[in-house]
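This report covers the salt bridges of one structure and the packing of two of its helices.

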Amino acid sequence: MTMDSSYKSRKVITIGVVSELTGLSERQIRYYEERKLIFPERSERGNRKYSFDDVERLIDIANKREEGVQTNEIRQEMLKEIRKEENSKIRKQMIKGQINARFGIQKE
């Protein structure tokens with residue numbers, strides 16, 4: 001049986017379990033949400049749901065905070081990474097378009 005990597009991004013973990021996994025208090029986790037460093041989903045009952053990716057991000061945030069990095073610096077770094085990924089995708093699409101145009105490949 002093979003597992004798809006998408007399980008890491010599924011928002012199914014409760015805040016209590018995230019707290020146990022990360023060693024952060026529920027208050028700290030909610031604070032990082034307020035600072036727009038993590039983005040849990042809400043269940044029908046309004047409970048926060050996190051993914052394994054969120055758990056990894058929270059551990060990274062906690063490590064940076066221990067090193068003295070401020071939350072606004074962490075958010076700026078996060079935004080830079082997102083922009084870098086978006087720019088990389090755009091560049092790849094442009095190169096692919098140039099190659100297709102050069103070799104006369106039509107998009108269907």
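In this predicted model, Lys 11 is partly exposed, because its relative accessibility of 22% is not under the 20% that counts as buried. Its salt-bridge partner is Asp 54, which is buried at a relative accessible area of 5%. Since Lys 11 belongs to the segment before α1 and Asp 54 to helix α3, this pair ties together parts 43 residues apart in sequence.

The structure has eight salt bridges in total; the table includes three of them.

| Salt bridge | Closest N to O distance |
|---|---|
| Lys 11 with Asp 54 | 2.7 Å |
| Arg 48 with Glu 33 | 2.5 Å |
| Lys 84 with Glu 81 | 3.7 Å |

Arg 48 is in strand β2 and Glu 33 in helix α2, so their bridge ties together parts 15 residues apart in sequence. Lys 84 and Glu 81 are both in helix α4 (residues 71-102), three residues apart, which means a separation of about one helical turn. Lys 84 is exposed at 52% relative accessible area, while Glu 81 is partly exposed at 37%. Through shared partners, salt bridges join Glu 33, Arg 42 and Arg 48 into one network.

Helix α1 (residues 15-22) and helix α2 (residues 26-34) have axes that come within 9 Å and cross at roughly 105°; the two helices are therefore roughly perpendicular. From α1, Ile 15, Gly 16, Val 18, Ser 19 and Thr 22 make the contact, and from α2, Glu 26, Ile 29 and Arg 30. These residues comprise three nonpolar, three polar and two charged.

Ile 15, Val 18, Ser 19 and Thr 22 are the buried residues of α1. They fall within an arc of 105° viewed down the axis of α1, so they line one face of the helix. Their packing partners are α2, β2 (48-49) and α3 (52-66). Just after α1, Gly 23 has a positive phi of about 80°.

Key. Residues are numbered from 1 along each chain as its sequence is written. This is a predicted model: local features need pLDDT of at least 70, side-chain atom pairs count only at pLDDT 80 or more; totals for chains, interfaces and linings use all residues. Side-chain values use heavy atoms; hydrogens and water are left out. Axes are lines fitted to C-alpha atoms, for helices over the stretch in contact, and angles run from 0 to 180 degrees between N-to-C directions. Helices (H or I, at least four residues) and strands (E, at least two) are DSSP runs, numbered from the N terminus. Angles under 35 degrees count as roughly parallel, over 145 as roughly antiparallel, 65 to 115 as roughly perpendicular and the rest as oblique. Contact means heavy atoms within 4.5 Å. Ala, Val, Leu, Ile, Met, Phe, Trp, Tyr, Cys and Pro count as nonpolar, Asp, Glu, Lys and Arg as charged, and the others, Gly among them, as polar. Buried means under 20% relative accessible area, exposed over 50%, partly exposed in between (1.4 Å probe, protein chains only). The arc is that of the directions from the helix axis to the C-beta atoms. A salt bridge is a side-chain nitrogen of Lys or Arg within 4 Å of a carboxyl oxygen of Asp or Glu.
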